[in-house]
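Subject: Structure handover

Hello,

Here is the structure I promised to pass on. Please open it next to this email, and then read my notes below.

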Amino acid sequence: MVTIGEQPGVELSARGVELVLPGGGVALSGIDVPTVAPGRVLGIAGGSGAGKTLLLEVLAGLRAPRHGQVSVRAATGDAGHVPRYGFVPQDDIVHRALPLRVALEYAARLRGTDPGDVPRVLDELGLGDVAGQPVRTLSGGQRKRASIAIELLSRPRLLFLDEPTSGLDPPAGARLTRYLVRLAASGVTVVFTTHTPADLHHCDQVMFIAPNGRPGPSGTPAELLDLSPDGTFEALYSMEVPQGGEQSRGRAPRASTEPPLPSTPARFSPATGRLRQWAVLTGRDLRLLRHDRLTAAITVGSPLIIITMFALLFRPGVFDPARPSPAASAMVLFWIAFGAFFFGLAYGLPQICGELAVVRRERRTVLRLWPYLLAKLTVLGPVLLLADALLLVVLRALDRLPAAAMSVHASLFATTALASFAALALGLCCSALVSEPSQAALVLPLLCFPQVLFSGAFVPVPGMAAGGRWISVAMTNRWAFEALGSGAGLETLWRGGGAAGRTLLDSYGNSFGHPAWVGWLILAGCAVALLTAAWLVLRRRCPTSAHRLSTSDAGPVRP
């Protein structure tokens with residue numbers, strides 16, 4: 001059994017909790033939570049929509065109540081430490097493409113704990129025989145236990161679980177609740193929600209939330225069954241206790257001599273530093289790419305398909321000074337710019353929305369967002385650079401680019417690389433905004449069309465309406481196109497292209513008159529701004545828990 005060792009136990013209670021949702025509706029009103037002592041299990045019951053999950057999130061520090069107070073006390077030991085919390089959401093939130101053991105090892109490294117604890121935790125939860133299987137192949141009960149195992153790796157002294165038996169058959173649910181009782185016996189304070197009456201028999205204390213978030217009866221299971229009109233828990237689901245009335249028939253909560261700990265610690269030191277988190281997250285992203293073969297094939301194969309289409313679309317020699325083709329040369333550079341944009345956008349869009357639930361869960365404990373985003377850049381960046389380089393090399397080998405000095409081709413590569421990274425940042429930002437990959441697929445064409453229309457290639461910027469010119473300023477494809485044209489020397493080429501070249505030169509105005517590095521600075525600035533926007537979106541959508549803590553106070557984990 002995983003135990004807490006010599007760490008102080010934790011008491012939890014709450015008084016007068018009132019929660020108002022953003023829309024203004026009162027979700028919880030006047031809720032008292034009886035004191036839950038170390039080694040005890042509190043079950044929170046109620047009908048669907050009563051507010052069980054909302055109350056659990058308030059107790060876990062994920063939501064701030066409008067009124068009331070959540071009190072966390074160190075029952076023994078140093079009261080100056082904020083105890084470690086674990087929160088297991090209702091969904092089975094684990095990377096399903098990874099083998100179970102690998103997923104838990106990365107979770108342990110991210111939390112700064114010893115990955116050597118993983119086999120012991122797996123055996124304790126009865127998952128040792130399936131440790132090598134991908135998470136997606138596990139049964140519902142096994143995934144539930146895997147989700148609990150992730151939190152046990154961080155050695156919590158206070159564990160919250162949202163409907164852990166939901167979706168399980170009765171025998172599997174009973175085994176899971178018995179395990180929670182055994183876990184509590186090791187010194188962990190356990191609080192879980194449930195809509196299954198059978199789960200309540202395993203609890204030390206039970207509290208009901210009446211419909212509309214009102215207080216219901218609370219007490220020990222035996223006391224509540226005595227209170228029930230028909231001797232069952234089902235009769236208590238709709239029973240309401242008047243505010244200010246006697247909510248529990250049990251003994252009064254045991255008083256503590258320790259001062260209450262702050263709900264939000266004044267200082268938080270993450271379990272792992274930024275550099276360490278970046279390394280762990282980068283390794284995990286690489287493993288995910290390796291184990292998801294379809295995604296890996298699309299990542300590698302899509303640039304090859306696009307490069308082949310580009311090679312078939314344009315005829316050779318359009319940059320030959322002896323027989324230049326001004327219009328075709330402009331289209332070659334535009335589609336190179338758009339290809340670099342599409343590579344980055346297509347890689348970035350699926351990245352966050354597909355694992356947003358995992359990010360939310362890890363954010364509640366240790367995850368820092370900048371290492372998370374930089375890990376995405378670290379894994380996808382080399383693939384983008386390779387795709388851009390391959391695009392330019394193939395087009396030059398097939399005489400679709402000018403025969404020029406290496407400095408010219410280096411300029412073209414720098415432009416495409418920066419365009420890809422700016423698009424990757426845009427993809428990550430939009431991926432953070434949507435909730436699932438299907439929504440990201442719908443966003444893809446909406447982001448591509450403006451980049452085509454307002455790039456200045458088909459309708460030159462000087463010929464656009466005033467509104468179009470303002471929109472084009474925000475289009476990274478415009479700056480990539482102009483930087484490519486400047487680097488490739490379009491103005492010089494077009495001057496020798498006869499009347500057609502001079503006409504194009506007049507219609508594009510000064511679009512290619514500035515040095516390529518001006519476009520580079522704008523593209524780099526866009527990438528930084530979009531990454532910052534992605535960080536802000538994730539920070540809003542994935543809040544931290546008020547009870548996050550470093551591992552400095554974690555005692556030994558003993559079998």
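First, a definition for what comes next: a pocket is an open set of grid points with protein on both sides within 12 Å along at least five of seven lines. Please also keep in mind that this is a predicted model.

**The largest pocket**

The volume of the largest pocket is about 1,100 Å³. Its lining is made up of 37 residues. Closest to the centre are Asp292, Thr295, Pro350, Gln351 and Gly354. Several helices take part. Two or more lining residues come from each of α7 (274-291), α8 (293-313), α9 (326-353), α10 (356-363), α11 (369-397) and α13 (437-453). Which element gives the largest share of the lining? That is α9, with 7 residues. What is the lining of the largest pocket like by class? There are 22 nonpolar residues, 7 polar ones and 8 charged ones.

**Cavities**

The count of cavities of 30 Å³ or more comes to 5. I looked at the second largest cavity. About 110 Å³ of space lies inside the second largest cavity. Some of its lining residues sit early in the chain, so to speak, and the list is worth following in the viewer: Ile93, Val94, His95, Ala103, Tyr106, Ala107, Arg111, Ile150, Arg284, Val358, Arg361 and Glu362. At least two residues of this lining come from α2 (100-110), and at least two from α10. By class, the lining of the second largest cavity divides into 7 nonpolar, 1 polar and 4 charged residues. Helix α10 therefore turns up twice in these notes, as it also gives two or more residues to the lining of the largest pocket.

**Helix packing**

Two packed helices are described by the angle between their axes and the distance between the axes. I have three pairs for you.

Start with α12 (residues 406-433) and α18 (residues 516-541). Their axes come within 8 Å and cross at roughly 20°. Angles under 35 degrees count as roughly parallel, and α12 and α18 are therefore roughly parallel to each other. The crossing of α12 past α18 is left-handed. The contact of α12 with α18 holds 22 nonpolar, 2 polar and 1 charged residues.

Next, look at α11 and α18. Their axes are 10 Å apart, and the packing angle is about 130°. That angle makes α11 oblique to α18. The crossing of α11 and α18 is right-handed.

Last, take α2 and α4 (residues 140-152). They pack with their axes 9 Å apart, at an angle of about 25°. Are they roughly parallel or oblique? Helices α2 and α4 are roughly parallel to each other. Their crossing is right-handed.

**The sheet of 3 strands**

Strands of a sheet pair through backbone hydrogen bonds, either parallel or antiparallel. One open sheet here has 3 strands, in the order β2-β1-β4. Its pairing is antiparallel. The edge strands are β2 (26-36) and β4 (67-74), and each of them pairs on one side only. Neighbouring strands of this sheet are turned by 10° against each other on average, direction ignored.

How many bridges join β1 to β2? Strand β1 (residues 10-20) is joined to β2 by 5 bridges, and the two run antiparallel. To find this pairing in the viewer, go to valine 20, which stands opposite valine 26 in β2.

**The sheet of 6 strands**

Another open sheet has 6 strands, in the order β5-β6-β7-β3-β8-β9. The pairing in this sheet is mixed. At its edges stand β5 (85-88) and β9 (214-219). Each has a single partner strand, so one side of each is left without a neighbour in the sheet. From one strand to the next, the twist averages 15°.

Strand β8 (residues 205-210) runs antiparallel to β9, and 4 bridges join the two. What is the bridge partner of valine 206 in β9? That is glycine 219.

That is the handover.

Best wishes

Terms used
Residues numbered from 1 in each chain as written. Predicted model: local features only at pLDDT ≥ 70, side-chain atom pairs only at ≥ 80, totals over all residues. Heavy atoms only, no water. Pairing = 2+ DSSP bridges. Axes fitted to C-alpha atoms, helices over the stretch in contact; angles between N-to-C directions. 1 Å grid on protein atoms, 1.4 Å probe; cavity = no way out; pocket = protein on both sides within 12 Å on 5 of 7 lines; lining within 4 Å. Points joined across faces, edges and corners; volume = space filled by probe spheres on them. Nonpolar A, V, L, I, M, F, W, Y, C, P; charged D, E, K, R; others polar. Parallel < 35°, antiparallel > 145°, perpendicular 65-115°, else oblique. Left-handed = near helix turned anticlockwise from the far one by under 90°.
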